[in-house]
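Q: Can you walk me through this one? I have some quick questions.

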Number of protein chains: 2
Amino acid sequence: MKVNIKRVAQEANVSISTVSRVLNSPELVSPEKRQRVLQVIQELNYQASELARGLSSKKTQTIGVIIPRVTSFFFNELYRGIDVAVKEFGMNILLYDCDSNLERTTHGFTFLVRRQVEGIIYASQFITEELYTFISRLGVPVILALTESFNRKLTAFKVDEVRAAFDAVSYLIARGHHRIAMISGPLDNFVAGKTRYEGYRMALNQHNLPFLDDCVAFGGYRYEDGHRAMRELLEKRNDTQFTALFAASDEMAIGAMRCAFDHGLSVPQDISIIGFDNLSIANMVTPKLTTVSQPFEQIGFEAVRTLIRAISGDIHESDSSNHYLPHQIIERESVASRAIEEVAAADER
Amino acid sequence: MKVNIKRVAQEANVSISTVSRVLNSPELVSPEKRQRVLQVIQELNYQASELARGLSSKKTQTIGVIIPRVTSFFFNELYRGIDVAVKEFGMNILLYDCDSNLERTTHGFTFLVRRQVEGIIYASQFITEELYTFISRLGVPVILALTESFNRKLTAFKVDEVRAAFDAVSYLIARGHHRIAMISGPLDNFVAGKTRYEGYRMALNQHNLPFLDDCVAFGGYRYEDGHRAMRELLEKRNDTQFTALFAASDEMAIGAMRCAFDHGLSVPQDISIIGFDNLSIANMVTPKLTTVSQPFEQIGFEAVRTLIRAISGDIHESDSSNHYLPHQIIERESVASRAIEEVAAADER
DNA sequence: CTGTTAGCGCTTTCAT
DNA sequence: ATGAAAGCGCTAACAG
């Protein structure tokens with residue numbers, strides 16, 4: 001016979017409310033009965049049904065997390081922060097992998113809502129107007145991590161992408177590089193594509209460096225994309241003469257590094273490379289990749305903290321907006337400074 | 001007012017059973033009413049509560065997955081296979097990160113059972129007798145992936161670790177390496193530690209090669225462990241004279257590779273290295289890592305398939321055991337063949 | 001084809 | 001401090 005609350009109550013010779021009480025507010029039960037019930041629970045290996053619990057109490061102690069792909073490297077790092085915060089607040093996680101695809105994204109939201117999550121952390125694609133409308137009707141608070149919404153009405157935690165890219169390129173410029181190529185993400189990606197590209201152009205502009213179409217290639221953030229894009233860039237290098245490269249992701253930076261190697265070029269002696277993300281692999285390649293670090297863990301943590309606050313009801317309107325967390329340039333081995341004479345000589349030509 | 005099945009029924013002027021029917025077996029409802037109900041559902045943006053559904057029907061269409069750490073690299077690859085299979089069977093996933101820790105592992109099982117998952121895929125630590133007893137009392141089928149149980153009574157999908165390690169080392173031997181070092185996992189790890197170590201010793205034995213204590217170092221599978229272990233190995237290399245290394249994980253192999261580089265040694269010219277796992281990073285480092293591939297995706301897929309079969313009830317006792325999936329050596333750039341003369345000359349000494 | 005009704009396993013008043 | 005009873009939102013006979 002199945003073991004449910006009723007069964008436990010019978011065996012312990014108490015009412016089911018008493019059993020419920022020892023589970024939820026033991027201090028309301030006499031020590032003696034409490035002991036007895038606990039004993040029976042132990043013996044029967046009773047596991048209260050969270051379904052029934054949630055249905056009855058309207059609380060599930062669970063938050064939903066929507067991510068683009070479990071296989072995206074950054075997810076690992078983000079998850080750590082989410083996990084820490086969730087445990088700290090005694091909540092649980094329901095994860096949904098939306099595969100970076102709109103249909104699965106909306107399905108993800110309903111999947112979670114139907115399971116009565118109390119709030120949702122969304123860490124996938126840019127939120128368009130259409131998706132925003134959809135989310136508004138959900139009835140549960142949603143916090144964005146590593147992404148943002150078209151009108152910025154949804155609270156978001158991320159780095160200032162434009163600024164971070166600007167800083168990365170400026171870093172290269174400060175080290176004497178005046179011809180800088182870029183491997184960008186797709187420009188129709190408003191989170192990490194267009195933004196990082198703009199940061200690149202702004203930095204060039206700021207330092208009165210010319211922008212060359214032939215110095216930019218595009219890719220989908222993966223290793224192979226970086227390798228292919230670099231090949232395109234290298235083909236025109238006789239004209240462009242670039243000495244440094246800014247890649248919109250670590251994976252692409254590493255792919256580009258390999259491509260350079262395949263062409264007999266060495267990094268950073270011949271070409272300096274800076275990446276973006278500071279994934280753990282950035283530290284595993286040789287040369288170790290200099291890159292822009294995103295505080296993934298902190299972003300996950302803050303997002304959860306804010307979500308929990310929103311669930312508790314004390315959400316201030318002023319919170320609704322983008323929160324920028326500090327990025328940082330991690331200096332490793334893939335960028336070299338050019339000697340002053342070298343710079344001068346090259347500029348003279 | 002909240003929108004539940006009752007509300008939908010009222011607005012559509014039908015009974016709640018009719019609403020329930022259009023959701024679960026629409027063919028039993030007249031087209032006219034069906035339309036009307038669907039319409040209302042749409043307008044009200046009604047989302048059926050999966051909690052109530054599961055509670056009432058005893059079916060949740062959900063399987064639980066317990067993994068050691070989301071941040072473990074292999075999880076990404078395994079998850080892909082699980083995800084594919086789960087979607088194919090119209091199920092859903094509840095993920096639990098047990099952090100490779102016993103307390104959280106048991107908590108994970110109860111967490112999932114309380115949420116009425118219909119079965120569980122377990123992909124974490126070795127199942128001890130104690131844990132086995134615990135699992136047996138759970139009442140839901142459990143399938144193992146990438147791990148196994150002390151008595152092999154639980155159906156498991158994995159590679160034959162001993163054999164795979166044996167093959168890796170034999171591969172090195174066949175390429176003329178007679179002094180082979182190993183960076184092993186902890187020997188009290190019965191899944192990937194002791195097994196791979198044994199495979200190493202068996203291969204040495206088989207080929208009448210001496211086993212040297214100074215040719216083995218240990219680490220916890222991570223990059224840093226590999227780097228440190230390699231340093232230990234290198235310190236004794238004057239005596240041991242090893243020309244090749246077998247690492248029990250790709251991360252450790254890459255760490256070792258870097259360590260060699262730091263000591264002015266080049267791979268594979270001075271030292272050949274073979275890893276284990278074939279993670280995506282193995283293909284991103286230079287030289288690309290030769291390694292033993294585990295069919296993670298296939299393992300995930302098969303595990304789910306078998307689990308679903310077990311849930312449906314058609315489980316054959318004969319299924320309960322270890323299923324070994326084929327491993328494979330992926331030849332890349334980190335292993336060199338030694339010239340015959342070189343081998344002969346060295347052996348003469 | 002459709003509606004009525006009795007649960008599913010738990011929480012939560014409301015009495016006592 | 002404890003129990004009885006009314007739901008929570010849904011499914012699943014059962015009757016018509």
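A: What follows covers the ground rules, the DNA, the chain contacts and a sheet.

Q: What kind of model is it, and how are things numbered?
A: This is a predicted model, where local features need pLDDT of at least 70, side-chain atom pairs count only at pLDDT 80 or more, and totals for chains, interfaces and linings use all residues. Residues are numbered from 1 along each chain as its sequence is written, chains are lettered from A and ligands numbered from 1 in the order in which they are written, and side-chain values use heavy atoms, with hydrogens and water left out.

Q: OK, DNA. Which residues come nearest to strand C?
A: A:Ile5, A:Tyr46, A:Ser56, B:Ser17 and B:Arg21. They belong to the 27 residues around DNA strand C. A residue is near a strand if one of its heavy atoms lies within 4 Å of it.

Q: What share of the strand C atoms within 4 Å of the protein is sugar or phosphate?
A: 63%. The rest belong to bases.

Q: Which polar contacts are there on strand C?
A: Among them is A:Ala52, with a backbone N or O atom 3.5 Å from a base nitrogen of DNA strand C. A backbone N or O atom of B:Ser15 sits 3.1 Å from a phosphate oxygen of that strand. B:Lys58 has a side-chain N or O atom 3.2 Å from a sugar or linking oxygen of DNA strand C. A polar contact is a pair of N or O atoms within 3.5 Å; within protein, one must be able to donate a hydrogen and the other to accept it, and residues adjacent in sequence count only if both atoms are side-chain atoms.

Q: Which elements give two or more residues to that surface?
A: α2 (16-24) and α4 (50-57) of chain A, together with α2 (16-24) and α4 (50-57) of chain B. α2(A) gives the most, with five residues. Helices (H or I, at least four residues) and strands (E, at least two) are DSSP runs, numbered from the N terminus.

Q: And strand D, which residues are closest?
A: A:Thr18, A:Arg21, B:Ile5, B:Tyr46 and B:Ser56, out of 27 that surround DNA strand D. Sugar and phosphate make up 63% of the DNA strand D atoms within 4 Å of the protein.

Q: What touches the bases there?
A: The side chain of A:Ser17 has an N or O atom 3.0 Å from a base nitrogen of DNA strand D. A:Ser56 has a side-chain N or O atom 3.0 Å from a base nitrogen of that strand. On the backbone side, a polar backbone atom of B:Ser49 is 3.2 Å from a phosphate oxygen of DNA strand D.

Q: Which element gives the most to the surface near strand D?
A: α2(B), with five residues.

Q: Switching topic. How many residues of chain A are in contact with chain B?
A: 47 residues of chain A, against 47 of chain B. Contact means heavy atoms within 4.5 Å.

Q: How much area is buried between them?
A: About 4600 Å², with carbon and sulfur atoms giving 56%. Buried area is the accessible area (1.4 Å probe) that two parts lose on being put together, summed over both. A:Leu51, A:Arg114 and A:Met284 supply 17% of what chain A buries against chain B, more than any other three residues.

Q: Last one, the sheet in chain B. What's the strand order?
A: β7-β6-β8-β9-β10-β12, an open sheet of six strands with mixed pairing. Two strands pair if DSSP finds at least two bridges between them.

Q: Which strands stand at the edges?
A: β7 (216-218) and β12 (328-330) of chain B. Each has a single partner strand, so one side of each is left without a neighbour in the sheet.
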